[in-house]
Structure formats: C-alpha cells, structure tokens
Amino acid sequence: MTRATSPFYVTLIYLFFYIPIIVLIAYSFNNAQYSLLWHGFSLRWYQELFTDADLWVSVWHSLLLGVLSATIATALGGLAAVSLYRYKFFGRNFLYALIFILILSPEIVMGISMLILFNLINVRLGFWTLLFAHITFCMPFVVVTVYSRMVSFDKYIFEAAKDLGATDGVIFNKIILPLLWPALLAGWLLSFTLSLDDVITSYFVAGPDFEILPLKIYSMVRLGVKPEINALCSVMFIVTLLMVMLSQFMLRKKP
Amino acid sequence: MKNDSTFKLFSLSIVWVWLLFFSLVPYGLVIIASLLSHSENNLIQLPFTIKNYIDVNNIIYLRILEKSFYLAGLCTLICLVLGYPFAYIIARMKSSFKGLLILLIIIPFWTSSLIRTYSMIAILKSKGIINSFLMGIGLIHTPLPLIFNNTAVLIGLVYNLLPFMVLPLLTNIERLDNRLIDAARDLGANRLTTFRKIILPLTMPGIIAGCILVFLPAMTIFYIPDLLGGAKSVLAGNLIQNQFLISQNWPFGSAISIVLALLLAMLLLIYWKSTRGKKERDLL
C-alpha cells in the first residue's frame with residue numbers, strides 16, 4: 001500500500017464502522033414513523049422512550065444485574081489473578097487453561113450448560129440464574145485484565161515487603177490493591193458492559209419475572225424497526241462511549 | 001506463616017468452588033445430557049444412548065454445520081483481508097492521532113453487537129439507505145435483495161466481528177522490530193519478499209488470534225442470522241437455540257453443541273501449539 005492510498009483506506013474502514021451508528025442516531029431525531037426521508041427534527045421518539053414504563057423496568061433490572069455481577073466478578077477475578085500471579089499451587093496450569101477456555105468457548109455452550117444446571121437443581125429462572133451466569137462469563141475477562149497488569153509489576157516489591165515482615169493479607173491490602181485499582185476498575189467496567197450487552201447467555205437463563213434490557217431490545221427488534229428503538233440504541237451508544245473513554249483513561253494512567 | 005496460608009486458602013478455594021460449580025459441572029452436564037434420551041414429558045431422561053450423535057449425522061444437520069463453517073470461514077477471510085492492512089497502517093503510524101484512532105476501533109468493539117446489527121437493517125433493507133441511494137441516482141430501478149439472505153448475514157457478521165480481528169493484529173504488529181524490515185530491504189529484498197519472509201511470519205500469532213476471535217463467535221451468534229437472514233439462513237447457533245427453546249429436545253441440542261465444541265477445540269489446539277510459550281497468548 002502506498003503512502004497516498006493508505007489514509008483513504010483507513011477512512012473507508014472507519015466509515016464502515018461508524019456509518020450505521022451515525023444513521024441510527026440521525027433517524028432517532030426524524031419526525032416520521034416509517035419514512036427514511038427527513039421530515040424535520042423531532043424529540044418525539046425520545047419522549048415516547050422516556051414514558052415507556054415497561055422499558056424502564058427492564059433498564060433498572062439490567063443496571064442492577066450489571067452492577068452486582070461486575071462487582072462480584074471483579075472480586076472473584078481479582079483474587080484469581082492475584083493467586084495465579086503470586087502462588088505456585090496444584091492445578092495452577094489447569095486453572096489458567098480453564099479461564100482461557102471460558103473466554104474462548106462459544107457463549108451459546110455456556111448458556112445451555114447453565115440452563116441444564118439450573119434445571120437439574122430446580123432453580124427458577126430469573127434474577128439469581130442471570131446473576132450467576134453473568135458473574136461466570138465476566139470473571140475470566142477480569143482475570144485477564146488484572147493478570148496482564150500484574151505482569152508489569154516489580155517482583156522485588158513483594159520480596160521487600162515480606163522481608164519487612166508483612167503477611168500475605170497485609171501485602172494484598174497495602175501493596176497489591178493500591179497498585180491494581182486501575183486494572184480492577186477497568187475490569188469492572190468491562191464486566192459491566194459485557195453484562196449490560198449480553199444476549200446469548202441471558203437468552204437461555206432468563207425467566208419471565210425478570211426482564212432485562214438486551215432481551216427486551218431483541219424482542220422489539222424482531223417485531224420490526226421502530227424509531228423508538230433508534231432513540232434507545234442512541235442513548236445506549238452514548239453511555240457506552242462514555243464508559244469506554246473512562247476505562248481507557250483508567251488504564252492509561254500510571255500510578 | 002499461618003496468616004499467609006489462610007489468605008492463600010481463602011482466595012484459591014473461593015475461585016475453585018465457583019469455577020467448579022458454574023463451569024466444570026455445567027459443561028459436564030452438557031456431555032451427560034447429550035448421551036441421554038428425550039420424551040414428550042421429560043426434557044431429559046434415562047436410558048443412556050448414542051442416538052443423538054447418530055441423529056447429528058443427518059444430511060440436513062450436516063448441511064447446516066457445513067454452511068456455518070463456510071460462512072464463518074468466509075467472514076474470517078474477509079475480516080483478515082480488510083483488517084490486516086488497516087491494522088498495519090494504524091500500528092505503524094507515528095501521528096499524534098494514533099491513540100484516538102485506536103480508541104475509535106475499541107468503541108465498536110465494546111458497543112452492543114445487537115444494536116449494531118439492528119442498525120444494519122436500516123442500511124440494508126429494500127427501502128434502506130443503500131437501495132434508496134442507488135435508486136435515487138438512477139443506477140438501479142428495483143431494490144437490490146440485500147437483506148434476509150446469506151449475504152446480509154455475512155455483511156452483519158463482518159461488521160460485528162471486524163474489531164476482534166483488528167485488535168490482536170494491532171498489538172502484534174506494534175511489537176514488530178523495524179530493524180528486521182530495514183535489514184531485509186538493505187539485503188536487497190523487495191517489498192513483497194520482505195512481507196512474505198519477515199512481516200508475515202512475525203505477525204502470524206496475531207493473525208491466528210484474530211481468526212479465532214472472529215471464527216468462533218461467527219459460528220454461534222444466533223441473533224445475526226435471526227435478524228438479517230431469511231428462512232434459509234439457519235446457522236449452527238440457531239440450530240442449537242431451536243433444539244433448546246422450540247423443539248425442547250435438550251439431549252439432541254447438547255449433542256450438536258458437543259460436536260461443534262469438538263470441531264472448534266481442534267482449531268484452538270492448533271492455536272495453542274503455534275503460540276507455545278509466547279506472550280501473544282494473552283488475547284485481550
């Protein structure tokens with residue numbers, strides 16, 4: 001590729017990435033139900049969106065689920081990453097491989113495996129099944145984020161702390177946590193986004209009592225294109241955009 | 001020293017218990033379920049049988065698996081061809097915009113893929129952007145059939161999965177040592193030879209990681225064929241989904257998943273071998 005064509009090519013790919021999103025946002029302001037022609041600027045669809053009570057219940061459910069599963073997944077994933085980094089123990093390679101497999105295994109397999117498990121132990125599908133499933137698929141991503149951060153640590157810090165009489169608990173509280181918090185926060189944000197966006201696993205473990213946003217959008221989208229969904233998707237895109245920028249900021253900032 | 005082992009024991013046991021109960025046990029259950037029978041009254045029941053695996057070996061299901069592999073493979077190839085030059089240009093850029101450009105790749109990677117698939121409908125449908133534009137300038141008179149077929153599924157898959165190809169490639173190409181390329185050029189290699197003998201082998205881990213990250217989800221994201229495809233666009237993911245939630249034949253659905261997982265595991269094994277002992281294994 002020559003010097004002249006490469007900016008052109010890069011621009012084309014970015015257009016491919018962003019044109020659908022821009023179109024979506026533009027049409028959310030269009031004052032027409034079905035037409036693709038511009039009928040003037042309108043906030044009508046946003047008004048309809050903000051008065052749809054059912055939808056807001058599912059938004060609240062998704063946020064609750066996202067915060068809880070991201071928090072628990074970050075705690076578990078953080079402990080797993082610290083253990084993998086600090087200790088030699090029986091089954092360490094197995095644990096490493098298991099986390100790797102969890103990241104790469106198709107989501108649909110995790111969905112059906114959880115469905116079979118919950119069916120076997122007779123748990124009613126709903127909030128708890130979603131929570132357990134979301135924690136499980138978020139955790140490996142936290143482990144990877146935190147572990148790759150720990151690899152850049154100076155190992156002598158731990159030796160120095162040990163020489164000065166610190167126990168593992170003290171090392172964890174006084175050294176590991178302060179150094180790791182940007183990675184933990186990035187892991188939390190990644191988990192939160194994954195949980196908020198998940199369709200496939202949730203599809204299998206969700207019940208009728210606890211409706212969440214992605215599944216609600218999925219059922220709305222299957223019925224056809226509605227400008228109200230354009231408005232909803234635009235709001236979600238802006239929220240994700242802010243979260244990505246926040247997490248990038250957290251990761252870049254060196255302690 | 002007692003405190004040390006308490007902390008170690010605490011963190012290890014909580015992690016192990018969770019993973020055992022919520023990933024190893026359920027995955028084991030899928031294997032067991034695939035070997036059981038199914039009836040009108042029970043989702044899963046005894047006796048043990050290998051009937052489900054014999055049923056997978058049916059021309060209808062094999063066709064669907066074959067088509068899934070074909071579409072996923074084609075999608076991976078298109079992502080690689082589009083993504084490699086793109087990642088290469090961005091990775092070797094010295095501009096101060098580079099950080100921003102990388103952030104612009106990460107944003108679609110993090111945005112809900114359902115939403116991005118939905119936005120494709122507005123572009124591809126018969127009165128959508130592309131058709132309206134082409135008819136507006138008088139290039140075509142009837143709308144092109146861009147949606148509710150395999151082409152739409154392919155476009156949707158590429159659009160959704162391209163960032164998964166670009167990001168590992170970007171990390172890999174950024175680590176490329178410039179001196180090796182300069183040395184090759186000094187020794188008289190032309191651009192093509194330099195690419196073939198130096199750049200390509202060194203970026204192979206990134207290529208393989210990207211291909212895996214695209215190929216695996218492409219097989220099973222069932223909502224893309226569901227939204228963009230037509231009645232004939234059933235892929236492996238849709239097949240499993242149907243067995244679980246519509247036909248209610250869990251053992252057969254499990255058997256299809258196991259067959260699929262084994263096929264995909266073979267691909268992963270190749271990846272594992274090719275990056276043995278290298279840092280590139282950390283995909284994200």
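## A buried asparagine and its surroundings

B:Asn160 is buried, and its relative accessible area is just 1%. Please keep in mind that this is a predicted model. The residue belongs to helix H7 of chain B. Setting aside neighbours within four places in sequence, B:Asn160 touches B:Ser113, B:Arg116, B:Thr117 and B:Ile224.

### Salt bridges

Helix H7 also takes part in the next topic. How many salt bridges does a search of the whole structure find over all chains? The search returns five. Three of the pairs are worth a look, and the table lists them with the separation of their closest N and O atoms.

| Pair | Closest N and O atoms |
|---|---|
| B:Asp55 and B:Lys51 | 3.0 Å |
| B:Lys98 and B:Glu174 | 2.9 Å |
| B:Arg179 and B:Asp177 | 2.9 Å |

Let us begin with B:Lys98, which forms a salt bridge with B:Glu174. B:Lys98 lies in helix H4 (residues 98-110) of chain B and B:Glu174 in helix H7 (residues 150-174) of chain B, so the pair ties together parts that are 76 residues apart in sequence. Are the two partners buried or partly exposed? B:Lys98 counts as buried, at 16% relative accessibility, because the cut-off for buried is under 20%. B:Glu174 has 41% relative accessibility and counts as partly exposed.

The bridge between B:Asp55 and B:Lys51 sits within one helix. Both residues belong to helix H2 (residues 51-56) of chain B, and because they are four residues apart there, about one helical turn separates them. B:Asp55 is partly exposed, with a relative accessible area of 27%.

In the pair of B:Arg179 and B:Asp177, the arginine counts as exposed at 63% relative accessibility. Its partner B:Asp177 counts as partly exposed at 28%.

### Helix packing around H3 of chain B

Two packed helices are described by the angle between their axes and the distance between the axes. Helix H3 of chain B appears in two such pairs here, one with a helix of chain B and one with a helix of chain A.

Take the pair within chain B to start. Helix H3 (residues 59-91) and helix H10 (residues 204-220) of chain B have axes 9 Å apart and pack at an angle of about 140 degrees. That makes H3(B) oblique to H10(B), and the crossing is right-handed. On the H3(B) side, the residues that meet H10(B) are B:Ser68, B:Phe69, B:Ala72, B:Gly73, B:Cys75, B:Thr76, B:Cys79, B:Leu80 and B:Tyr84. From H10(B) come B:Ile207, B:Cys211, B:Val214, B:Phe215, B:Ala218 and B:Met219. By class, this contact of H3(B) with H10(B) holds twelve nonpolar, three polar and no charged residues.

Now for the pair between the chains. The axes of helix H1 (residues 5-27) of chain A and H3(B) come within 10 Å, crossing at roughly 120 degrees. That makes H1(A) oblique to H3(B), and H1(A) passes H3(B) in a left-handed crossing. From H1(A), the contact draws on A:Ser6, A:Tyr9, A:Val10, A:Ile13, A:Tyr14 and A:Phe17. Facing them in H3(B) are B:Val81, B:Leu82, B:Pro85, B:Phe86, B:Ile89 and B:Ile90. The residues of the contact of H1(A) with H3(B) divide into eleven nonpolar, one polar and no charged.

### Helix H12 of chain B and two loop residues

Why is H12(B) described as largely enclosed by the rest of the structure? Eight of its ten residues are buried, so the surroundings largely enclose H12(B). Its buried residues are B:Ala236, B:Gly237, B:Asn238, B:Leu239, B:Ile240, B:Gln241, B:Gln243 and B:Phe244.

The loop between helix H12 (236-245) and helix H13 (250-274) of chain B contains B:Gln248. Most residues other than glycine have a negative phi. B:Gln248, although not a glycine, has a positive phi of about 60 degrees. At 33% relative accessibility, B:Gln248 counts as partly exposed.

Chain A offers a residue to set beside it. A:Asn122 is not a glycine, yet has a positive phi of about 60 degrees. Where does A:Asn122 lie? A:Asn122 is in the loop between helix H5 (107-120) and helix H6 (127-150) of chain A. With 70% relative accessibility, A:Asn122 counts as exposed.

Conventions. Residues are numbered from 1 along each chain as its sequence is written. Chains are lettered from A and ligands numbered from 1 in the order in which they are written. This is a predicted model: local features need pLDDT of at least 70, side-chain atom pairs count only at pLDDT 80 or more; totals for chains, interfaces and linings use all residues. Side-chain values use heavy atoms; hydrogens and water are left out. A salt bridge is a side-chain nitrogen of Lys or Arg within 4 Å of a carboxyl oxygen of Asp or Glu. Buried means under 20% relative accessible area, exposed over 50%, partly exposed in between (1.4 Å probe, protein chains only). Contact means heavy atoms within 4.5 Å. Axes are lines fitted to C-alpha atoms, for helices over the stretch in contact, and angles run from 0 to 180 degrees between N-to-C directions. Angles under 35 degrees count as roughly parallel, over 145 as roughly antiparallel, 65 to 115 as roughly perpendicular and the rest as oblique. A crossing is left-handed if the near helix is turned anticlockwise from the far one by less than a right angle, and right-handed if clockwise. Ala, Val, Leu, Ile, Met, Phe, Trp, Tyr, Cys and Pro count as nonpolar, Asp, Glu, Lys and Arg as charged, and the others, Gly among them, as polar.
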